[in-house]
Amino acid sequence: MKRLSSISFFILILFADFGWAKDFGISIERAQLLRQGNEYRLEADIDYRFSDAALNALDNGVSLTLRGLVKVKRSRRYMWDETIEKMELLYRLRYRALSDRYQIVNETSGVRRYYASMESAIEALGKIRGMPVLRVERLASGESHYATMQIQLDIEALPLPLRPIAYLSPAWYLSSSKYTWLLAQ
Amino acid sequence: MAFSSIRPPVGFSAFAVLGVILVSLHLMSSATQDSSGLGQAYSWLLLANTVATVIMAVLVGANVHSLFRQLKKKEAGSRLTARMVFLFVLLALAPATIVFYYSVQFLHGTIDSWFDVQIDQAMDDALELSRASLDQRMKSHLRDTQQVAKALANVPDEMIAVELGELRETLEASELTLISTQERIIAYSSLIPDILIPSLPTETVFLQLERGEDYVGLDPILNEAMQVRVVIGLALPEPRFLQALFPVPVRLSSLARTVEDAYVHYKEMSYLRNSLKWSFSLTLSLVLLLSLLAAIWVAFVSTRRIVAPVRDLAQGTRAVAEGDYEQRLPVESRDELGFLVESFNDMTAKVGVARDEAARSQFEVENQRAYLETVLGNLTTGVLSFDASDRLRTFNQAAGKILHVDLQNYSEQPLAALAVENPNLENFVTLLKAQQQTAKSYWQEEVAFTGPDGRQQLLCRGTPLFNALGRRLGTVMVFDDMTDLFRAQRNATWADVAQRMAHEIKNPLTPIQLSAERLQHKLWEKLDAKDGDVLERATQTIIHQVEALKTMVNAFSEYARPPKIQPEEVNINSLIEDVLMLYQPNADISFKLMLAPDLPGVMVDPLRMRQVLNNLFKNAIEALSETPNAKIVIATNMLPEEGFRFVQIAIYDNGPGITQVDIEHIFDPYVTTKVKGTGLGLAIVKKFIEEHGGTIRSENSYQGGAGFVIRLPGAVTDAKVDKELVQHQ
C-alpha cells in the first residue's frame, strides 16, 4: 500500500511538472458556434503561448503550422455519437524578413495577413471570427448537439531535420486540450 | 544420405527481413533529401526503422541470452558458436565503426562548411540592400504623398474624388483613398476601375496614425508582387487619413523576393545546422545500428546452421562414448561437414555391428565358460589352476571336497595361505610349489595328508602353462582321491596273500598233527614213563601249536574271505547294548553309554557288526588291563552330511592310548601293540566297516586313551527323515 502511494505521488509530481512548470502551451479560452442566417459560424479565442524554441525557430525563418479540428456531433443514447460536420483549420505563421513582418496564412482559404510584430500576429492568430462551419439544416431539430475543438502545432510540417528533435522535446509538443461545448439551436 | 532435406545456408526469412530493412533504410535515407518527396513519410520511416531496430535488438538479445545459457550448460557446439559469432561481430563492427566515425566527422564538417561568416554577411547585406532599395522607394513615395496631400487642404468634399484622381495620376499611385478617422472611406481613386472596395490599412496602422505618425510599409500582394502602402494624417478642417498604394516594379519585386527567399532559407538552414547534424547523425546511427544488429542476427542464424552439424557430431560422439551406437545424424549439406557427418554415421554403424559381434562372441565365451564350469563342477576329479605368482585362479567343487577346504576363501590368494590355515595340507602345498617352480612339462605325483576321515592319498597330475613367448603363466593341476582305490588294492593284495598263506600253511598242519598223534600213539607204549612224558608233552605241544596255527590260519582265512554280508536294518543302540551285556560283569571297568535316542537304523550285517563291536570292546578291555579306574565311553549320534545321514559310533577308553606312529598303521594286518593277539582284529574291523560303506579312524581321546570312531551310512531316507535332515542342517 505504501509502495502504491509512492508511485501515485510520483505520477502526480510528474503530471504536476507538466501542468504547472511549463510556461508554454495552447489553450482554447472560448469557442462557440453562432447562428448567422442559415449557417453557424465559429468564434473562438485561443491563447497561444509558444515555447522559446518555437519562437526562436520562427524568428529564424521556420514556419509554424497550426492544425485545428472542429467537430459537430449529435448525441445518441445507445450508439456512439454521430459526427455531423468536421472542419479542419490550418494556419501557417511565418516571418517575412524583407518587410520585417509576420505573416499568417490561412491555408484553407488562402487569405494572408501581415503583422508588424510577433505579438500582434499571435494575438490575431488567436482570434477566429465568423468562420462558417455548417448550415443550419444539418442539425436535426429536437436533438442534442455539441461541438469539439482542438488545435495543435503540426510537427510534421516542420523542416525535416527539426522533426526528430521536436518529437523528443516537450517544448515542441504544443496542443490544446479538447474543448467541448453544447450547441444552442 | 538425406539430401532431400538440404536447405540453403541462411533461411529465406532472414533474407526477406534483411531486404525489408534495407528498403526501409533506403527510404529513410532518401527522405532526408528534400528532392525525394519522401519528407512527409520521414517520421514514419524513422519510427518504422526504430521499431525494426528494437525488434532486431530483442532478437539479438534473445540469441545472446540463449547462447549464454548454452555456454553455462556446456552444451555441445556452444563454444564454437560463441567464437564464430564473436568473430563475425568483430569483423562487422570494426569497419562499420570506423566508417561511421569518419562519416559523422565528414558530415559535420560538410554541414559546417556550408555556413560561413562571409556568406552570412553577404546574405545580410543582400537583404539590407533590398530593404534599402525598397526603403528609398518607400520614403520617396511618403514624401511625394505628403507633398501632394497639401493640395487637398482647400478642396471641398464634393470635389475631393476628382482631385484624388488627378493626384493619383500625379503620384503614379495605383490607388488613392481618403479615410475618415472613423475608418470610413470618404473618397477613392484606383488605377483599376474594377476594384470597388479599396484595400484598407490594418488596425495597427490606424493606431500608429492616431499617435500622429505617418505610416509607410511594404505589402506583399498576389503573385508574390509587392506594393508600398503610405498612410498619412491630414489636418483638414477635420482630421482624415490619406492612403496611397504604389506598385513596386515587377522586376524589383521579383529580385527582392528572391533575395528574401534565399535569406530566409539560409537563415533557416543556419538555425537548423545542429538539428541537421543531429538528424543526419541519427539517421546514420540508425542505419548503422540496424545494419549491425541485422548482421549479428544473420551471424547467429548462419553460425547456428554452420555449427549444427558440428554440434550434432559432438552429441553423437558423446552418445557413442556412452554406448549408444544407434545414433544417425541428419546430413544437411554437401560440403565437407556433410561428408564428415556421413562418415560418422558409417563409423557408428560399423562400430555398432562390431559391438554386436563382440557381444555375441562374449556371450559365446560366457556360455563356454559356464559350460566348462559346469563340467568342472561335476567332475569328481579336483581341478586347480595357479598363476605365476602362486595365486589360486581356478578351482572346482570336487577340489574343495577332496581337500575338505572351502576354496572360495582362497581365491586369488597365494598357495602359502592354504597351508597356513590348513597345516594338514602342507605336503600338498609343498608339492605344488615345487612343481610350480621347477616343472617344465607334465608331471604326476602322489601325496598324502590327514583328512577328517583319516589318511587320504591323492594322485596329482599337473602341467605348467606357458605363453607364446615361453613365459610361465602358471600351473593347472588335476587330482583324484585315491584313498579308496589304494585301500581296495591293498585289501585285495592282502586277501590274496592271506589265501595263499592259509592254503600253504594249513595243508601241512593236518599231516603234522596226525603225525604227532601217531607218534604219541605208536611210541608212548614203547617208551618208559619218563620218555613217555616227554613224548606226550612234545606231541601235545605240537598238537596245541598246530591247533593254534590252525586257528590263526582260519582267522587269516576269514580275513581274506570274500565279503558275504547279509545286511538288514539294525538299531545300533540296541546292538551296542546287547553286545555290552557280555562285558557288564567286569567289575574293573566302568562303561558309560551316551546313546543318541533318535538314531536312525543302519543297513548292516548284524553278525559282522556284532563281531566288530566285540573286537573293539575286547581291544579296549585288554588295553585297560593295567589301568586303574578304567573306563570305556560309548557314544552314538547322527551326522547329517551333504544330504546323507551318517551314524557315528565312538568308543573311547582311558588307557595308554596309541602312539602317533601306530595310528597310521593300526588297521594294517599283523600290527598290534599287545603281547597276545593275531594282529588281525582291527584289520578285520576295518574291513567289515568298509564292506558296509563306512569308515573307521583311530585317535587319542581327550583323556589320553585310544579312541575309535566309526561312521556308517544311515538307512534309506524317507520324507520324514528328509525333514529331520533339513532341521539338523
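This is a short tour of three spots in a predicted model.

**Stop one: a helix in chain B**

Select residues 157–171 of chain B, which make up helix α5. Put a distance between its end C-alpha atoms and you should get 20 Å. At 1.5 Å a residue, 15 residues should span 21 Å, so the two values agree. Now look along the axis: α5(B) has a kink of about 25 degrees, centred on B:Glu163.

Next, show side chains for B:Leu164, B:Leu167 and B:Arg168, the buried residues of this helix. Residues three or four places apart on an α-helix point the same way, because there are 3.6 residues a turn. To see what the buried residues of α5(B) pack against, add α4 (117–149), β1 (175–180) and β2 (185–190) of chain B. Then step just past the helix to B:Glu172, where phi is positive, near 60 degrees.

**Stop two: where chain A touches chain B**

Colour by chain and pick out the contacts: 21 residues of chain A meet 26 residues of chain B. On the chain A side, β6 (112–115) and α4 (162–168) are the elements that give two or more residues. Of these, α4(A) gives the most, with five residues. By class, that side of chain A has 14 nonpolar, four polar and three charged residues.

**Stop three: a glycine in a loop**

Go to B:Gly714, in the loop between β17 (706–713) and α19 (719–728) of chain B. Is this glycine buried or exposed? B:Gly714 counts as buried, because it has 21 C-beta neighbours inside 10 Å and the cut-off is 20 or more. Leaving out residues up to four places away in sequence, B:Gly714 touches B:Pro600, B:Val602, B:Arg645, B:Phe646 and B:Val647. Finally, select B:Val604: its C-alpha atom is 9.6 Å from that of B:Gly714, though the two are 110 residues apart along the chain.

Note on methods: Residues numbered from 1 in each chain as written. Chains lettered and ligands numbered in written order. Predicted model: local features only at pLDDT ≥ 70, side-chain atom pairs only at ≥ 80, totals over all residues. Helix = DSSP H or I, 4+ residues; strand = E, 2+ residues; numbered from the N terminus. Expected span 1.5 Å × (residues − 1). Bend = angle between axes of the 7 residues up to and from the residue. Buried ≥ 20, exposed ≤ 12 C-beta atoms within 10 Å, placed from the backbone. Contact = placed C-beta atoms within 7 Å. Nonpolar A, V, L, I, M, F, W, Y, C, P; charged D, E, K, R; others polar.
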